[in-house]
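This report looks at one protein chain and reads its features step by step. Please keep the structure in view while reading.

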Amino acid sequence: MSSRALPILNALGCLLLTAVVLVQWRKERAIDGDRLALKSELATWKQQAAEELQKRQALERDIVVLKESIASTQLAAESSAKTIAEKAELTDRLQTDLSAAREQVSSWETAIKERDERIRTLDAELAATRKRLDEAIAKLKAAGAR
């Protein structure tokens with residue numbers, strides 16, 4: 001090869017190498033752009049995943065609170081039902097006692113009426129006896145005065 005051809009070949013080689021470097025550089029830039037876009041997208045996905053995790057945890061806490069609330073409501077309902085049943089039983093027992101007391105009062109009223117009637121009868125007999133006694137005393141006084 002001639003000495004002139006070498007600088008031309010060298011220049012062509014440099015141009016070729018420059019072209020290869022430029023092509024590689026453009027590919028690297030495109031890949032960097034894609035990588036940055038993917039990083040950005042990944043960050044967005046991570047942020048959304050974190051937000052979804054927070055929402056899920058909040059919902060799980062809400063579910064736990066709701067379950068506890070339901071359990072306490074059920075306990076309160078059972079307690080109320082038990083209290084209502086006890087009060088209904090007490091009401092029935094008191095109603096029975098009231099009926100028995102009314103019957104007792106009725107029998108007492110009847111007994112009192114009978115007693116009052118006997119007292120009136122005895123009072124009338126006593127008054128008659130007292131009248132006879134007074135008459136007898138008056139006769140004795142009259143007989144004693146004679």
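## Salt bridges along the chain

When the whole structure is searched, 6 salt bridges are found, and it should be kept in mind throughout that the model is a predicted one. Side chains of opposite charge can pair when their charged atoms come close. Three of these pairs are described here, one after another.

In one pair, Asp32 forms a salt bridge with Arg35, and the closest N and O atoms of the two are 3.5 Å apart. This distance fits the definition of a salt bridge, because a side-chain nitrogen of Lys or Arg has to lie within 4 Å of a carboxyl oxygen of Asp or Glu. Asp32 and Arg35 are 3 residues apart in helix 1, so about one helical turn separates them. Asp32 has a relative accessibility of 31% and counts as partly exposed, and Arg35, at 39%, also counts as partly exposed.

In another pair, Glu60 and Arg56 are joined by a salt bridge whose closest N and O atoms are 3.2 Å apart. Here the partners are 4 residues apart in helix 1, and they too are separated by about one helical turn. The relative accessible area of Glu60 is 40%, which makes this residue partly exposed, while Arg56 is partly exposed with a value of 45%.

The side chains of Glu89 and Arg93 also meet in a salt bridge, with a distance of 3.9 Å from N to O. Both residues lie in helix 1, 4 residues apart, or about one turn of the helix. Is Glu89 exposed or buried? With a relative accessibility of 52%, Glu89 counts as exposed, because the class begins over 50%. Arg93, by contrast, has a relative accessible area of 44% and is partly exposed.

## Overall form

The protein has 1 helix and 0 strands. Its radius of gyration is 61 Å, well over the 15 Å that the globule rule gives for 146 residues, so the protein is more spread out than a compact globule. Taken along the principal axes, the box filled by the C-alpha atoms is roughly 205 × 25 × 10 Å.

A single pair of residues illustrates distance along this chain: Leu6 and Gln95 are 89 residues apart in sequence, and their C-alpha atoms are separated by 128 Å. Leu6 has its place in helix 1, and with a relative accessible area of 51% this residue is exposed.

## Surface and charge

How much of the protein is made up of buried residues? Buried residues account for 0% of the 146 residues, where buried means under 20% relative accessible area. The protein exposes about 13,400 Å², and carbon and sulfur atoms supply 62% of that area. As for charge, the protein carries 25 positive and 23 negative charges, and the mean positions of these two sets are 4 Å apart.

## A nonpolar patch

Ile8, Leu9, Leu12 and Leu15 form a nonpolar patch on the surface, and together they have about 410 Å² of accessible area. One of these residues, Leu9, is found in helix 1, which covers residues 5-145. Leu9 has a relative accessible area of 44% and is therefore partly exposed. This value also agrees with its place in the patch, because patches are made of residues with over 30% relative accessible area.

Note on methods
Residues are numbered from 1 along each chain as its sequence is written. This is a predicted model: local features need pLDDT of at least 70, side-chain atom pairs count only at pLDDT 80 or more; totals for chains, interfaces and linings use all residues. Side-chain values use heavy atoms; hydrogens and water are left out. Patches are made of residues with over 30% relative accessible area and no salt bridge: like charges are joined within 9 Å, nonpolar side chains (Val, Leu, Ile, Met, Phe, Trp, Tyr) within 5 Å. Accessible areas come from the Shrake-Rupley method with a 1.4 Å probe; for residues, only the protein chains shown count as cover. Helices (H or I, at least four residues) and strands (E, at least two) are DSSP runs, numbered from the N terminus. Buried means under 20% relative accessible area, exposed over 50%, partly exposed in between (1.4 Å probe, protein chains only). The radius of gyration is taken over C-alpha atoms; the globule rule is 2.2 Å times the number of residues to the power 0.38. Lys and Arg count as positive and Asp and Glu as negative; His and the chain ends are not counted. The place of a charge is taken as NZ of Lys, CZ of Arg, CG of Asp or CD of Glu.
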